[in-house]
Amino acid sequence: MAQASGSPDDSGRLATLPWTPGDASETAAEALQALDTYKKKDPFKVVVRFKAVGNAPIMRQNFYKITASNRFQAVIQFLRKELSWKSGDPLFTYINLAFSPAPDDTVSNLYKSFATEGHLIVNYSTTAAWG
């Protein structure tokens, strides 16, 4: 009588696990170390240059240093605070007059991809300027 494949007596087809229970403590330690590294704030600062578009008010100071690990949402909140705008007032932001970034994009990713002359240029407007 032939054995069906995958039966307990089919020892030639046993899969090996990538880890064994003895390795769990090493794996957990590596995972905790990776999480600690991820949680640390990046001290790197990015120079952000704000430019008004259309009828938006011009800021007196338009260069600011912002921590690179911040989300773009922090830039939007900072801009609202500097312009003394309420949360209900319309504010549209664009990178290099081209696109509106998602609020959860990191400043460092935007800087690495779209920096111009060492600055991340953020255009802001009270009305939708580009699609």
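Is Ser 84 buried or exposed? I would like to begin there, and the answer is that Ser 84 is exposed, since its relative accessible area is 64%, and the cut-off for calling a residue exposed is over 50%. Please keep in mind throughout that what we are looking at is a predicted model.

Before I come back to that residue, let me go through the chain as a whole. It contains three helices and four strands, and if you follow it from the N terminus, the elements come in the order α-β-β-α-β-α-β. There are 131 residues in the chain, of which 26% count as buried. If we take the contacts between residues at least 6 apart in sequence, 62% of them join residues that are at least 24 apart. The chain exposes about 9,500 Å², and carbon and sulfur atoms supply 54% of that area.

Now to the sheet, which is open and built from four strands in the order S2-S1-S4-S3, with mixed pairing. At its edges are strand S2, residues 63–67, and S3, each of which pairs on one side only. On average, and ignoring direction, neighbouring strands of this sheet are turned by 35° against each other. Looking at individual pairs, strand S1, which covers residues 45–52, runs parallel to S4, and five bridges join the two; in this pairing you can find Arg 49 standing opposite Ile 121 of S4. S3 and S4, on the other hand, run antiparallel and are joined by four bridges, and here Tyr 94 stands opposite Asn 123 of S4.

Strand S4 deserves a little more time. Why do we describe S4 as largely enclosed by the rest of the structure? The reason is that six of its six residues are buried, so the surrounding structure largely encloses the strand. Leu 120, Val 122 and Tyr 124 point one way from S4, whereas Ile 121, Asn 123 and Ser 125 point the other way, and all of them are buried.

Within S4, which spans residues 120–125, I would pick out Asn 123. Its relative accessibility is 3%, so Asn 123 counts as buried, the cut-off for that being under 20%. Leaving out residues up to four places away in sequence, Asn 123 touches Lys 51, Val 53, Phe 92, Thr 93, Tyr 94, Ile 95, Asn 96 and Leu 97. With one of these, Leu 97, there is a short polar distance to point out, as a polar atom of the Asn 123 side chain lies 2.9 Å from the backbone nitrogen of Leu 97.

Next come two helices that meet the sheet. Helix H2, residues 72–83, packs on the sheet and touches S1, S2, S3 and S4, and its direction makes about 125° with that of S3. Helix H3, residues 107–114, lies across S1, S2, S3 and S4, and runs at about 105° to S4. Which residues of H3 are buried? Val 107, Ser 108 and Leu 110 are buried in H3, and because they cover an arc of only 165° around the axis, they are on the same side of the helix. The buried residues of H3 pack against S1, S2, H2 and S4, while the face turned away from that buried side carries the exposed residues Lys 112 and Ser 113.

Finally, let me return to the loops and to the residue I opened with. As a general point, most residues other than glycine have a negative phi. Ser 84 is not a glycine, yet its phi is positive, near 60°, and its place is in the loop between H2 and strand S3, residues 92–95. Asn 96, which we met as one of the residues touched by Asn 123, likewise has a positive phi, of about 50°, although it is not a glycine. Asn 96 belongs to the loop between S3 and H3, and with a relative accessibility of 26% it counts as partly exposed.

To close, then, we have an exposed Ser 84 in one loop, a partly exposed Asn 96 in another, and a buried Asn 123 in strand S4.

Conventions
Residues are numbered from 1 along each chain as its sequence is written. This is a predicted model: local features need pLDDT of at least 70, side-chain atom pairs count only at pLDDT 80 or more; totals for chains, interfaces and linings use all residues. Side-chain values use heavy atoms; hydrogens and water are left out. Buried means under 20% relative accessible area, exposed over 50%, partly exposed in between (1.4 Å probe, protein chains only). A polar contact is a pair of N or O atoms within 3.5 Å; within protein, one must be able to donate a hydrogen and the other to accept it, and residues adjacent in sequence count only if both atoms are side-chain atoms. Contact means heavy atoms within 4.5 Å. Accessible areas come from the Shrake-Rupley method with a 1.4 Å probe; for residues, only the protein chains shown count as cover. Two strands pair if DSSP finds at least two bridges between them. Axes are lines fitted to C-alpha atoms, for helices over the stretch in contact, and angles run from 0 to 180 degrees between N-to-C directions. The arc is that of the directions from the helix axis to the C-beta atoms.
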